[in-house]
Amino acid sequence: MADMKWQYGLSLKKDMYEKFKLKLEDIAIKNNVKQIVPVIKIDKQITLKEIKRDTIKDLELLEPFGEKNKPPIFVYKNLKIDSIRALSEGKHLKLTLKDDNFLINAIGFNLGYLSEEYLIGDKIDIVGLLEINNYDRKRKNSDKYTRYNEISIVVKKF
């Protein structure tokens, strides 16, 4: 699924930096920026037992995703953390989540810091995208690779 990030830039003279910074901070304080909570448009609440490979394949028919064609966003509530750890030197988050007897893997890009805030057994709600994670893994005692197709929830800062 495509992920488009919009970036903005500006140029200013070096001697104007401090004045600009102070003015920007003043605007942020006056507008109570710390109280702004992003609103995430949820397309559907779903349970892990509802997640099927065919459903994800059907969602892929809606691609390509971008600014004018946003990918569907799902919320999953009351999931139990079965395992949790940080990846890539603490940058990303890897979770195994449980809903009744259903397990699913989740990856949280740029959310590695959350591995210190939650424990195995905690109940959480997550918002994310569905995808099939295709990867190759070398078989033990062999030069052959096995192709894996794993359904994952991709958790992002929206």
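Helices and strands are DSSP runs, with at least four residues for a helix and at least two for a strand, and they are numbered from the N terminus. The legends below refer to a predicted model.

**View 1. A nonpolar surface patch that includes L12.** In this predicted model, the side chains of L10, L12, M16, Y17, F20 and L24 make up a nonpolar patch on the surface, with an area of about 570 Å². One of these residues, L12, lies in the segment that precedes helix α1, a helix spanning residues 17-30. The relative accessibility of L12 is 37%, and L12 therefore counts as partly exposed, since that class lies between the buried limit of 20% and the exposed limit of 50%.

**View 2. The cis peptide bond between E63 and P64.** The peptide bond that joins E63 to P64 is cis, with an omega of about 5 degrees. P64 belongs to the loop that connects helix α2 (53-60) with strand β2 (74-87). As a general background to this view, most peptide bonds are trans.

**View 3. The aromatic pair formed by F74 and Y76.** A search of the whole structure returns 1 aromatic pair. Its members are F74 and Y76, whose ring centres lie 6.5 Å apart and whose planes meet at 45 degrees, so the pair is classed as tilted. Both F74 and Y76 are buried.

**View 4. Positive phi at E89, in the loop between β2 and β3.** Although E89 is not a glycine, its phi is positive, at about 55 degrees. E89 is placed in the loop that runs between strand β2 and strand β3 (92-99). With a relative accessible area of 87%, E89 is exposed.

**View 5. Positive phi at N110, in the loop between β4 and β5.** N110, likewise not a glycine, has a positive phi of about 60 degrees. The loop that holds N110 lies between strand β4 and strand β5 (123-138). The relative accessibility of N110 is 39%, so this residue counts as partly exposed. For context, most residues other than glycine have a negative phi.

**View 6. The side-chain contact between N105 and T96.** N105 is part of strand β4, which covers residues 102-108. The side chain of N105 is joined to that of T96 by a polar contact of 3.3 Å. N105 has a relative accessible area of 17% and is therefore buried, the limit for that class being under 20%.

Definitions and conventions: Residues numbered from 1 in each chain as written. Predicted model: local features only at pLDDT ≥ 70, side-chain atom pairs only at ≥ 80, totals over all residues. Heavy atoms only, no water. Buried < 20%, exposed > 50% of the residue type's maximum accessible area, 1.4 Å probe, protein only. Polar contact = N/O pair within 3.5 Å; in protein donor to acceptor, adjacent residues only side chain to side chain. Phe/Tyr/Trp six-rings, centres within 6.5 Å; stacked < 30°, edge-to-face > 60°. Patch = residues over 30% accessible without salt bridge, like charges linked within 9 Å, V, L, I, M, F, W, Y side chains within 5 Å. Areas by Shrake-Rupley, 256 points an atom, 1.4 Å probe, with all protein chains shown as cover. Salt bridge = Lys/Arg side-chain N within 4 Å of Asp/Glu carboxyl O.
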